Amino acid sequence: REEPAGGGGEAEDCPESSELEDDTEGLSTRLSGTLSFTSHEDEEEEEEEEDGASEELEEPPKAPGAAAGAEDGGRCWGGELGGRRDSRDSHAMVSPTDVRALSPSPGTEWVSAAERPGSSLLTRQLQELWRRSRGSLTPQRLLFEVTSASVVSERSSKYVLYTIYLIRSGQFDKAPASIARRYSDFEQLNRRLRCRFGCDMASVAFPRKRLRRNFTAETIAKRSRAFEQFLSHLHSIDEIRRSPEFLEFFFLPDLRAAQRLTCTGMYREALATWANAYRLQDRLGVCSSGRFLLTLAGLAVCHQELDQLSEAHGCCEQALQLLEAQGSHPLLGPFLQAHVHLAWKVGKDKRRSEARLQDLREAGLPLQQQPSLKECLIKEPLE
């Protein structure tokens, strides 16, 4: 059919449109490298048109601005489940306004440094402005991305295990922190938080249980997106983000598993689990808690048992820096003794640790009866 001369008519359908039939619910529509999510109302209308099924997401009324924060936090780069993020998004960008501020106005002539006294100072100022603009425009929020979901069949149960990466936006994570959780784990977290933070949780949506079709690709994809938004919304609320219920959801299972592996002598497997727990606490910003000191103890013990003495020495040094202002922590004596022993082995300075041990002896602390770092690690209750 011929188009009007003015070109105002509608264009013909593209031949590739037939390939988009499975994308009717907006689960993988790409917009500038991000997923486009349908709203709650859109999902409700679509499900009513299909088979009248109940709504998947339990969407309570949102406070102004709450929906935008949850939706933005739930985005992930890559259109498929298990897709990786576009590395270009991790680099800082400078806005056109900043570029114009650094560009000369029309008619201005560039003058060399030899012709203009003090131009080197101007160059340093421009370089400093450029650094500050890059740093100020780099987002520093935590992103939650479901990278894979697998159906697990056991003797008496069948469930979906979701693998979630914790990624700091604007930075490159060589070894990202990850967790693997099932629906019942998320449901328990939701229930505990609603009991304690009823008002704050009023605007947080959580996917409902379904009586059927729990293992279809469509349901798994919807729940993956919902869990990303759920965690992002929780992390955006200050009180919830700092609560033990939210924090321990991420790293407490790894600490328990690492402790069991250490007790059974499986140090290489335990080391990997301790390291992941370390990264999780680092991403969540709880690097000064007692759990983090226990993680450093686990890393030091496993490194030492695997004859990686320099790494074990570094873990002890990091722990002692955190314990600098504390004089009576239960792990202070064991860390000092381990640090002195490892420093002697690797040829590092141990005088400061020996001086601190002497101060503890003069204060009346019976260091001979102090347990070793490994004994403290094994006996620590993780409940």
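This short talk covers a three-stranded sheet, the helices lying across it, and one pair of packed helices.

First, the ground rules. The model is predicted, so to speak of local features we need pLDDT of at least 70, and side-chain atom pairs count only at pLDDT 80 or more, while totals for chains, interfaces and linings use all residues. Residues are numbered from 1 along each chain as its sequence is written, and side-chain values use heavy atoms, leaving out hydrogens and water.

Start with the sheet. It is open, has three strands in the order 4-5-6, and pairs antiparallel. Strands here are DSSP E runs of at least two residues; helices are H or I runs of at least four, both numbered from the N terminus. Pairing takes at least two DSSP bridges between two strands. At the edges sit strand 4 (142-153) and strand 6 (177-182), each paired on one side only. The twist averages 25 degrees from one strand to the next. Strand 4 pairs with strand 5 (residues 158-168) over eleven bridges. Take Glu145: its bridge partner in strand 5 is Tyr165.

Now the helices over the sheet. Helix 5 (residues 183-196) lies across strand 5 and strand 6, at about 95 degrees to strand 6. Helix 9 (residues 267-284) lies across strand 4, strand 5 and strand 6, at about 100 degrees to strand 6. Contact means heavy atoms within 4.5 Å. Angles run from 0 to 180 degrees between N-to-C directions, with axes fitted to C-alpha atoms, for helices over the stretch in contact.

Last, the helix pair. Helix 11 (residues 309-322) packs on helix 12 (residues 332-346) at about 145 degrees, axes 9 Å apart.
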